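Me: I'd like to go through the cysteines in this one, and then the hydrophobic interior. Can you take a look with me?

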Amino acid sequence: MNKPLIGAFLAALLLGAGVAPAVAAESAQVRESATEATPAPAAKAVTFAGTVALSNCSGSVVRSPGSAPTDPALVLSNGHCLETGFPGPGEVLVDRPSTRTFTLLDASGSGVGTLRASKIAYGTMTDTDLSLYELTSTYEEIESAYGIEALELETAHPVAGTAITVASGYWKRTYSCDIDGFVHQLKEGRWTWKDSVRYTPECQTIGGTSGSPVIDDATGKVVAVNNTGNESGQECTDNNPCEVDENGNVTVREGINYAQQTYNMVPCIGLGNKIDLDREGCGLPKP
C-alpha cells in the first residue's frame, strides 16, 4: 500500500514544503487544412475542490449520479486507511459507527472546514481497497457552507490511455499521467485485488496519497481510488504488489503505482445514499 504514515514524513523532508503540484504538460497539435476544424472543448483543470485530508490518508467527497442534494454525503478513501486498522482478507465492514473527521479542501488546496462521519458505511481490502464514510452533513449543507460540490463517480469501466490526475488532499499535491492498463489480479502480502488500474510511470505517488481520487481529466469524474505501488522490486510482499495474469504468470514492476476502480460500487449506492450490497449490478464483496 501507499502506506498512510510510514514513509510520508521522509517524503515530506525530501519534497519540502513548497513543492508545486505536478501538472501534466499539454501537447499542442497544429493542423493545416483547407477548412477550419471545430476545436474540441477543453478539459477543465483538475483542482483540489472536494478532496479531503484524513489524519493519515487522502480522500474525497463523492456522489453517485442518483445521489440527492439532501442525502448525507459520502467520503471515499481506502480500506487500509480505516481508523479500525487493515481489514483482513475476506473481512467486510458495513454500518460501523464512526466520528472520524476530515478537512475539506477548496480548489487551491486550502482547508475550509471540518466534516464529520456518522459511520463507516462500507470498508474492505478484499477484491478492492475501499472505504466509504457517511457524513453528518448533506451535500447541500456542504455546498451552502463552503461553496464546494462533491465529485461525481463514473459509472462505466475506465479505458486504457485515459489521461488522469491523482489528487492528494493529505499532501495537497497532484500527480498526472495516463491509465496504462488493467491488472487481472494484484497481490500484496495477504491481500488480492481484482481488475486494478495501473498508471504510466509519471504518477509517482507516495505514502499519504492513499485514498486519493483518480480523476478523468476530460470528464472530471472519479474513476478509481489510489492505493498502492511497488516500492523496491520485491514480489508480492507488503508495499511491493505483483501482477498475476489469467494464466498465473507473475510480473513485478518496480516503481509502478496502482488504483482500484470505483464504477462497480456505484450500483451499490441506493436511495438516501445507503449502501445496499444486494442491489442489481453491485460489484462489492459482501460480509
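Reply: To fix the term before anything else, a disulfide here is a pair of cysteine sulfur atoms within 2.5 Å. This is a predicted model, in which local features need pLDDT of at least 70 and side-chain atom pairs count only at pLDDT 80 or more, while totals for chains, interfaces and linings use all residues. Residues are numbered from 1 along each chain as its sequence is written, and side-chain values use heavy atoms, with hydrogens and water left out.

Me: ok, how many disulfides does the search of the whole structure find?

Reply: The search finds 4 disulfides, and, counting bonded cysteines along the protein chain, they follow the pattern 1-2, 3-4, 5-6, 7-8.

Me: Cys57 and Cys81: is that disulfide left-handed or right-handed?

Reply: The torsion about the S-S bond of Cys57 and Cys81 is about -85 degrees, so this disulfide is left-handed. Cys57 lies in the loop between strand E1 (51–53) and strand E2 (58–63), and Cys81 in the loop between strand E3 (72–77) and strand E4 (92–97), so the pair ties together parts that are 24 residues apart in sequence. Strands (at least two residues) and helices (H or I, at least four) are DSSP runs, numbered from the N terminus.

Me: and Cys177, which residue does a disulfide join it to?

Reply: Cys177 is joined to Cys203, with an S to S distance of 2.1 Å. Cys177 sits in strand E10 (residues 173–188) and Cys203 in the loop between strand E11 (191–199) and strand E12 (213–216), 26 residues apart. The torsion about their S-S bond is about -100 degrees, so this disulfide is left-handed.

Me: what about Cys236 and Cys242, buried or exposed?

Reply: Buried means under 20% relative accessible area and exposed over 50%, with partly exposed in between (1.4 Å probe, protein chains only). Cys236 counts as partly exposed because its relative accessibility is 22%, whereas Cys242, at 0%, counts as buried. Their link is right-handed, with 95 degrees about the S-S bond.

Me: switching topic, which residues have the most contacts inside the largest nonpolar core?

Reply: They are Val61, Leu76, Phe102 and Leu132, in a core of 42 residues. A nonpolar core is a set of buried Ala, Val, Leu, Ile, Met, Phe, Trp, Tyr and Cys residues joined through side-chain atoms within 4.5 Å.

Me: which element gives the most to this core?

Reply: E6 does, with 5 residues. A second, separate core of 13 residues includes Cys177, Val197, Val223 and Ala224.
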